[in-house]
Amino acid sequence: PLLLARQMFFRTRALEEATKELRDREVLLQALSNRMAEERHDERMQIAGYLHDDLAQVLFRMSLHIDIGQKHLDKGNLEDLARELASVRSSRDRTMELIRSLIKDLRQSPLGRAGLAEAIASFCSDAEKAAGARFVTRLQEVDMPPPVQLLCYQVVREAVTNAVKHAGASEVRVSLERSMDGARVTVADNGSGFDVDRGSPEGHFGLTMMRERAQVAGGTFRIESASGSGTIVTAEFPTSWLYQVPDGQGTGTDGPQTPA
């Protein structure tokens, strides 16, 4: 009887722990779903801002040049008309460039088919060309669900943008590596830095969003910085918590898996 009671006790404990784990995963997956919906809303707002701030302004300038050109044509000022037509052509080329860029962003997922490591490498390569900063990357492929990969990518994107745009960094180091519980991503720069205890400096956007993106996946976020000493952003994502499931249970994955 004593042995049977002990077996019943441990089975009950195991069942309670499994039930709690499933509930925790349900909360996590719901949080991920909500976050993805928020991301889609943010993307729509970014597109609207892009159309208003960039494309609409170029089209407005083109319209002005056309109106001015018409006045020169009416007066027979052919030299002035030629200059206005050159400005119209320049605005047309800029408009086509903006539209192609927007279409590319809309059609392509930032992760694509190559995976998270390749997406980060591609983004860093583009950022290096655009900003003129030196990038050093050390990237491992880490097995993570697509929603968590996207959250991880967005943390890197935000940290890199802060480094080159707001902190004026001339060198940025980006790493993605396996950790004991899943994946760790680090972005370190030699920019101006700031006093972490005083909060985010003006113009240094996205720190709260980066922290939320890591935490919604059940991970952690840490930032180290000091004025004149650069910034180090570290986020960890516990991929095994999402993948591993008890036998016979399902959480929307293909079955029990462990990170590579």
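Strands β2 (residues 171-178) and β3 pair in the antiparallel sense over seven bridges, pairing being taken as at least two DSSP bridges between two strands. The model is predicted; local features need pLDDT of at least 70, side-chain atom pairs count only at pLDDT 80 or more, and totals for chains, interfaces and linings use all residues. Residues are numbered from 1 along each chain as its sequence is written, and side-chain values use heavy atoms, without hydrogens and water. Helices (H or I, at least four residues) and strands (E, at least two) are DSSP runs, numbered from the N terminus.

A hairpin of four residues joins β2 to β3. V187 in β3 is the bridge partner of V174. Strand β3 also runs antiparallel to β5 (residues 231-237), again with seven bridges. Here A183 has F237 of β5 as its bridge partner. Five of the seven residues of β3 (residues 183-189) are buried (under 20% relative accessible area; exposed is over 50%, partly exposed in between; 1.4 Å probe, protein chains only).

Helix α3 (residues 116-131) has 16 residues, and its end C-alpha atoms are 22 Å apart. This agrees with the expected span of 22 Å at 1.5 Å a residue, the expected span being 1.5 Å times one less than the number of residues. Its buried residues are L116, A117, A119, I120, F123, C124 and A127. They cover an arc of only 160 degrees around the axis, so they lie on the same side of α3; the arc is that of the directions from the helix axis to the C-beta atoms. The buried residues of α3 pack against β1 (134-139), α4 (146-166) and β2, contact meaning heavy atoms within 4.5 Å. G132 follows α3, with a positive phi near 80 degrees.
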